[in-house]
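Let's take a walk through this one together, starting from a small detail and working outwards. Keep the viewer open as you read.

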Amino acid sequence: MQTNAILGCWIEWKRFCALGLCSEQVQEQLREFACSRFRKFVRQYFDRTGCTDARPLDHDERDAWHLFEAHLVVKATKRGKCYKDWLFARAQCSNDPALDVIQGGATLIMRDVVREFLKQHVQPWNVISMDRPLVSGGDDSLTLHDLLPCVVDPSSEAAMREYEQLATDRGNRVFCDMTRRERVAVLAKATGVSLSHKAVLRAAGSRKSVLNTVYHALMENLASAIKLDFPDDDSASVLALTLMVVDEVKGRVLEWGRDLKTCAAIWRLADETACVESGSCS
Amino acid sequence: MKLPALNLDPAPEWQKERLARWLAEWEIDRSLADEAGGRSNVPDDRNHPGVGDMARPLSGEPEVSAGQIRLLAPDICGCERLVYVAVLRREPDGRFLFAPFGRFSEPAVPGELLTGRDTVCLRVLCLWNAQTVSADILGRSWLADELTGPEIKEAMAVYSHVIEGGDLDSELEKRTAPPLIHPADPRHFYKDEENGLVSSLAVGSLVWPERADEERELPMAAEPPETYGSDDVPGSGEDPDGDEEDRQDR
C-alpha cells in the first residue's frame, strides 16, 4: 500500500475512534501493523533471553490490535483515549515524515503492550527466585536477597564498630584504585548532580552513557567483591558492610574533589540545587 | 574471615514479592529495548491533508486544576513516551504541583504508590518525581480523567512522606516500594532514567538566571585544554576507560 494510503488508514482510525467502524482495508492494514510489531518484540525477547515459549506467536492480528487499542484507554470516552491525540501531535511537531512519526509512536506503545503481555503470560514474577543472580557472571553475583536490607538492632553497637573499621580499611583501598572518571561519577552522585549534566561529563571527559555504566559497574564490582570475601556471611551483614564501604568511598571522593578546578562546576551545581530545594535563593 | 554477628530483623515478605515482580518486569523491559532504527524512505508527507488537524487542539482543553489526570503534549517534555501526570495541588504562587505516573505495574523506588487503578498507564504514581510548574506549561496537555478524593489524599500523604520523612500508614506503606539501599540495585538505573523525565519542565518554568543544563563554562586562563574521553566502552580496546590518563591525573 502506498505511503499516503497507509497514513490515510491511521487518519480514518483517529476520525472514527474505533477500528471496527473503519473500512475493511483500514482494518486489515492496521491489524497487520499491530501484529508485525507484536511478533517483532516477542521474537526480540526470545532472542535476548533464550526463552522458548512459542505461545505468544500464536496471537493473531485481531488480538494484537485489540491489545494495542485497549492498552492506554483511561476510560471509554474521547478524553480517555487521548493517546490518539498524542500520536498525531507528535507528527505535527516533528520534522520527520508523519507516517514515520505516527507509526513510531504506535510502535513505542506496542513495546509496552508486549512487555505487559510477557509479564502476565511468559515470565510471571513468582518464578523469580530470590537466589537468582541479578547479573550473569558466576556465583558471586548479587541476588534479590542481597538487595533488601534488614533492620539492624541498635544493641549491635559493638559489632558495628568492627564494621566501621572494616569499612574504613576497605573504603580507602577502593578509593586508591579508582580512576578519575569513577571518582567524578561518585562525586556527582554524592553531591546530587545528575551524571548526564554537561559539567559532569566535561569533568569526567566522558559521554553520558559511558559515565552511567562506569558508575554502576563500580558499585556492582564493589558489592560483588565484598560478597566474595565474606562467602559464609548472611546477605544482611554483607549489605551492612557494603553500605558502610560505599559511604567511606563517598567521603574520600568528596575530600578529593573539594579543591579540584575540574570539579568546581559540579560543586557550584550542587550548591545551586541545594539552594533551590531549600527555597533560600533570591 | 567472618563478619561480627548483627541482630537483624529481615525485610517483610511483601517487600520481597514486590521487588521480585518489579525486577521481572524490568528485565523484560530491558530485553525489549529498541536498537537504533533508521528512518524509512517514505516521502515527506507532512502536507498530507488530514494530519494537521487530527490531534485535538490543546487550546480547547479545560484549564489546569488540582485533581486532574492529564497527558502531556509530546513537544514539552521531550521524551519518547506518553507521560500521564496527576495534578496534586495549586500552590500559593499559582503554580501547580504534579507527579508523573510510572510505566511499570509495580512501585519501584520509595515514593512510588500503587494507585489501585486497572489502567496500565495509571497504576503507579511517582511522588518522588513530583515537580512544580506554571499552569502555562502544564496546560500543554490533554485532560484524561479525574482523581478521586481518596486518591488525592493518599498521593499527598506519600508526597509528604517523601519530603518530610516520618511514618506512613501501614496499609499505605504496603502500596509503596521497598527501600532502595544497595548501591548495585538495578532500580538505581531506573531512577536515573526517570529523573530527567519531567525535571526539564520544572526548570523551564522557574525564575532562574540560567538553565542548569545550558550553563556554559569558560576555561581558566592557565588551564590546559581538556580532551574529551574517547568513545570508550568497558573492554572495547586499549585503555578503553582512559584509566592510564586517569591514574596520572589523580
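Which residue takes a positive phi just after helix 8 of chain A? In this predicted model, that residue is Gly192(A), with a phi of about 80 degrees. As background, most residues other than glycine have a negative phi. Chain A has a non-glycine case to set beside it: Cys17(A) also takes a positive phi, of about 75 degrees, although it is not a glycine. You'll find Cys17(A) in the loop between helix 1 (3-16) and helix 2 (24-49) of chain A.

Back to helix 8 itself, which covers residues 180-191 of chain A. A quick sanity check on its geometry works out: at 1.5 Å a residue, its twelve residues should span 16 Å, and the end C-alpha atoms are indeed 16 Å apart. Now colour the helix by accessibility. Ten of its twelve residues are buried, so helix 8 of chain A is largely enclosed by the rest of the structure. The buried set isn't just greasy side chains, either: it includes Arg180(A), Arg181(A), Glu182(A) and Arg183(A), along with Val184(A), Val186(A) and Leu187(A).

So what does helix 8 of chain A pack against? One partner is helix 10 (residues 208-229) of chain A, whose axis comes within 9 Å of the helix 8 axis and crosses it at roughly 90 degrees. That makes the two helices roughly perpendicular. On the helix 8 side, the contact is made by Arg181(A), Glu182(A), Ala185(A), Val186(A) and Lys189(A), while helix 10 of chain A brings Leu211(A), Val214(A), Tyr215(A), Leu218(A) and Met219(A). Sorted by character, the residues of this contact come to seven nonpolar, no polar and three charged.

Time to zoom out. Chain A has twelve helices and one strand, and along the sequence the strand comes after six helices, with six more following. Of its 282 residues, 51% count as buried. Among contacts in chain A between residues at least 6 apart in sequence, 60% join residues at least 24 apart. Chain B has another make-up, with eight helices and eight strands. Of the 250 residues of chain B, 50% count as buried, and the matching figure for contacts joining residues at least 24 apart is 65%.

Next, the cores. The largest nonpolar core has 73 residues, and those with the most contacts inside it are Trp10(A), Trp13(A), Tyr84(B) and Leu127(B). Helix 5 (residues 98-121) of chain A gives the most to this core, with eleven residues. Apart from it lies another core, of 42 residues, among them Leu187(A), Leu201(A), Ile266(A) and Leu269(A). Leu187(A) takes us back to helix 8 of chain A, where it is one of the buried residues. For a closer look at the 73-residue core, centre on Trp10(A): beyond its sequence neighbours, its contacts include Leu30(A), Phe33(A), Trp65(A), Phe88(A) and Gln103(A).

One last stop, in chain B. Is Asp185(B) buried or exposed? Asp185(B) is buried, with a relative accessible area of 1%, and sits in the loop between helix 5 (170-173) and helix 6 (187-195) of chain B. Leaving out residues up to four places away in sequence, Asp185(B) touches Leu147(A) and Leu180(B). For scale, its C-alpha atom is separated by 24 Å from that of Gly166(B), 19 residues apart along the chain.

Technical notes:
Residues numbered from 1 in each chain as written. Chains lettered and ligands numbered in written order. Predicted model: local features only at pLDDT ≥ 70, side-chain atom pairs only at ≥ 80, totals over all residues. Heavy atoms only, no water. Helix = DSSP H or I, 4+ residues; strand = E, 2+ residues; numbered from the N terminus. Expected span 1.5 Å × (residues − 1). Buried < 20%, exposed > 50% of the residue type's maximum accessible area, 1.4 Å probe, protein only. Core = buried A, V, L, I, M, F, W, Y, C linked by side-chain atoms within 4.5 Å. Contact = heavy atoms within 4.5 Å. Axes fitted to C-alpha atoms, helices over the stretch in contact; angles between N-to-C directions. Parallel < 35°, antiparallel > 145°, perpendicular 65-115°, else oblique. Nonpolar A, V, L, I, M, F, W, Y, C, P; charged D, E, K, R; others polar.
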